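Welcome! Let us take a friendly walk through this structure, one stop at a time.

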Amino acid sequence: TVGRFATALMTAAVMGASTQAMAQDDDPIKVGILHSLSGTMAISETVLKDTVEMLIEQQNDAGGLLGRQLEAVVVDPASNWPLFAERARELLAQEEVDVIFGNWTSVSRKAVLPVVEELNGLLFYPVQYEGEESSENVFYT
């Protein structure tokens, strides 16, 4: 079911994201959401943001994950490809998220990839992609 799949994805994300996620038992697990809420791609990406938030709410209602609640941290890269990289850096360096779910286009993913690799983040990319790219920091779903 979708619920089991979502739980498996979230668990994999947190388990692989960082030791920091496991070190502070009282803190929520921060889930970055990097989808355009404005601009030309908002019509496609807003529903993705809503879906991740819904899954986080369902998981929290079921007791959280690994005994901890999940917390969504939403940013708007505004359909601006260079802004995707800036927002990814904000999520990882300032907000200290444990994982990022986001990007809807190849160009936005390619803009974010160097930041995610530099800061050793974990990105779930929710779209089939063209291949010819591989990173230990990205789940290409």
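Our tour begins at His35, in the loop that runs between strand S1 (29-34) and helix H3 (42-61). Keep in mind along the way that the model is predicted.

Is His35 buried or exposed? Its relative accessible area is 2%, and because buried means under 20%, His35 counts as buried. What surrounds it, then? Setting aside residues within four places in sequence, His35 is in contact with Glu45, Leu48, Lys49, Val75, Asp76, Pro77, Phe101, Gly102, Asn103 and Pro126. With one of these, Glu45, there is a polar contact between the two side chains, at 3.2 Å. You can also look for Val74: this residue and His35 are 39 residues apart in sequence, yet their C-alpha atoms are 8.0 Å apart in space.

Next, let us turn to the nonpolar cores. The largest of them has 18 residues, and those with the most contacts inside it are Leu34, Ala88, Leu91, Val97, Ile100, Val112 and Leu123. Which elements give two or more residues to this core? They are strand S2 (70-75), helix H4 (81-94), helix H5 (106-118) and strand S4 (123-125). H4 supplies the largest share, with five residues.

To see this core from the inside, pick out Ala88. Not counting residues up to four places away in sequence, Ala88 touches Leu34, Ile100, Val112 and Val115. Apart from this largest core lies another, made of 11 residues, including Ile33, Ile56, Val99 and Phe101. Phe101 may sound familiar, since we met it among the contacts of His35.

Methods: Residues are numbered from 1 along each chain as its sequence is written. This is a predicted model: local features need pLDDT of at least 70, side-chain atom pairs count only at pLDDT 80 or more; totals for chains, interfaces and linings use all residues. Side-chain values use heavy atoms; hydrogens and water are left out. A nonpolar core is a set of buried Ala, Val, Leu, Ile, Met, Phe, Trp, Tyr and Cys residues joined through side-chain atoms within 4.5 Å. Buried means under 20% relative accessible area, exposed over 50%, partly exposed in between (1.4 Å probe, protein chains only). Helices (H or I, at least four residues) and strands (E, at least two) are DSSP runs, numbered from the N terminus. Contact means heavy atoms within 4.5 Å. A polar contact is a pair of N or O atoms within 3.5 Å; within protein, one must be able to donate a hydrogen and the other to accept it, and residues adjacent in sequence count only if both atoms are side-chain atoms.
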